[in-house]
Amino acid sequence: MRAIKGVDFKGKTVIVRVDYNVPMESGKIVDDLRIRASVPTIEMLREGGAAKIILISHLGRPEGVTPELSLAPVVKVLDKLVSRVSFIDSVDSEAVREKVSAMKEGEVLLLENLRFYPGEEENSEEFAQGIIDVTGAEVFVQDGFAVVHRAHASTDAMARLLPAYAGLLVEREVEMLSKTISDPERPLVLIIGGSKVEDKSPLIEKFLGIADRILVGGKIAADGFKLDDPKVYVAEDFDTDMEGTKLDIGPVATAKFAEKLMDAKTVIWNGVLGKVEDPAYATASTIMAEVLGEKEDCLTVICGGDTTAFVEKTMEEHPRLKYGLISTGGGAALEFLLGKELPGLKVL
């Protein structure tokens, strides 16, 4: 995979596909993990002498122009992290051309939500070329790992129209996820939670031949998931509400999870273990986050949107916790672990 390290960007206008598909409430960003994750690549390009840095992203699933899904709120957060960032509410207009022409060396410009335009999800070369033409982009950098499983204009077509490289975020995600599959330090433990058994069953099956242990909790376990394999442990007790609904794995299962992680050297955690939005049923997930975050001799990979958000929140309360990788990948990380071909990586 072609990556940006060692590439000469001096004097170049670089277009960077980031992933700013961040959760928002009332127009305010509630989790800036993906914004912060893009900073190292932006800083490397700036330090490498890139003349202008153009950022492109999507947000949500709009049907045409949807003002509440504008990327404008991102600029306030990003500008505090890297400075000299501006925004324009278009992607391929003459206004963009004029804005780019007026940019000073090292400045950053974020374009509007790509999914306001049908050409993005259609993987339209014409749409991609239109953005290239008005920005004057000479190089494309893919740094949105969470979108590389999509064949869209900003993940596939644009990478075929310009010299294309993986950014630091994409390179790190690929490196760390690859290591857990192809060359893990053992014992390797997979923790599976969440609610959708149809999503998680393929991952469990894939890792039966790779992992040393697989621990299953969350709604999957509560709904009666079973697998007759000695390396698989499914939670056996649960915390319930007044109606008897199983909303977290219980103390016996939590203790066994922790015990089976004691000697682990590599851990992949995908899926929370309970209804974590209610603190009463976040006990098991909190204990797992603390156990893993305090293991200094272990490579821990956290993946899946709910799990990463929960771990990030736990880290705010306990800054001492550290992990090998908190993946920004969501569905892309899951597909990568399953060995599926990802169009946004293949083109690189």
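**Note on the predicted model: two sheets, a helix and its core**

1. Phe145 touches Val170, Glu173, Val174, Leu177, Ser327, Thr328, Gly329, Ala332, Ala333, Phe336 and Leu345, leaving aside residues up to four places away in sequence. Together with Ile191 and Phe207, Phe145 touches the most other members of the largest nonpolar core, which holds 93 residues. Apart from that core lies another, of 27 residues, with Ile4, Val39, Val141 and Tyr165 among them. As background, nonpolar side chains in soluble globular proteins tend to be buried together. The reader should keep in mind that this is a predicted model.

2. As to the overall form, the protein has 15 helices and 16 strands. Its radius of gyration is 21 Å, close to the 20 Å that the globule rule gives for 348 residues, so the protein is as compact as a globular protein of that length. Along the principal axes, the C-alpha atoms fill a box of roughly 65 × 40 × 35 Å, and buried residues make up 56% of the 348 residues. Among contacts with a separation of 6 or more, 73% are between residues 24 or more positions apart.

3. One open sheet consists of 6 strands in the order S5-S6-S4-S1-S7-S8, and its pairing is parallel. Strand S5 (85-87) and strand S8 (164-166) stand at its edges, and each has a single partner strand, so one side of each is left without a neighbour in the sheet. From one strand to the next the twist averages 25 degrees. Strand S7 (residues 139-142) pairs with S8 in the parallel sense over 3 bridges, with Phe140 standing opposite Ala164 in S8. Helix H3 (residues 72-82) lies across strand S4 (52-56), S5 and strand S6 (107-110), and runs at about 170 degrees to S5.

4. An open sheet with the order S11-S10-S9-S14-S15-S16 also has 6 strands and parallel pairing. Here the edges are strand S11 (232-234) and strand S16 (325-326), each with a single partner strand, so that one side of each is left without a neighbour in the sheet. Strand S9 (residues 188-192) and strand S10 (residues 213-216) pair in the parallel sense over 4 bridges, and Ile191 stands opposite Leu215 in S10. Helix H9 (residues 197-207) packs on this sheet, where it touches S9, S10 and strand S14 (266-270), and its direction makes about 165 degrees with that of S9. Helix H12 (residues 283-293) packs on the sheet too, touching S9, S14 and strand S15 (299-303), with its direction at about 150 degrees to that of S14.

5. Which residues of H9 are buried? They are Lys200, Ser201, Leu203, Ile204 and Phe207, and what covers them includes helix H8 (168-182), S9, S10, helix H10 (218-222), S14 and helix H14 (331-337). Lys200 deserves a separate look: its relative accessibility is 10%, so Lys200 counts as buried, the cut-off being under 20%. The side chain of Lys200 reaches the backbone oxygen of Gly193 at 3.0 Å. Not counting residues up to four places away in sequence, Lys200 touches Ile192, Gly193, Gly194, Ile220, Asn270 and Gly271.

6. A hairpin remains to be described. Strand S12 (residues 238-240) and strand S13 (residues 246-249) run antiparallel and are joined by 3 bridges, with Lys246 in S13 as the bridge partner of Thr240. There are 5 residues between the strands of this hairpin, in which Gly244 takes a positive phi near 90 degrees.

Key
Residues numbered from 1 in each chain as written. Predicted model: local features only at pLDDT ≥ 70, side-chain atom pairs only at ≥ 80, totals over all residues. Heavy atoms only, no water. Pairing = 2+ DSSP bridges. Helix = DSSP H or I, 4+ residues; strand = E, 2+ residues; numbered from the N terminus. Contact = heavy atoms within 4.5 Å. Axes fitted to C-alpha atoms, helices over the stretch in contact; angles between N-to-C directions. Buried < 20%, exposed > 50% of the residue type's maximum accessible area, 1.4 Å probe, protein only. Polar contact = N/O pair within 3.5 Å; in protein donor to acceptor, adjacent residues only side chain to side chain. Core = buried A, V, L, I, M, F, W, Y, C linked by side-chain atoms within 4.5 Å. Rg over C-alpha atoms; globule rule 2.2 N^0.38 Å.
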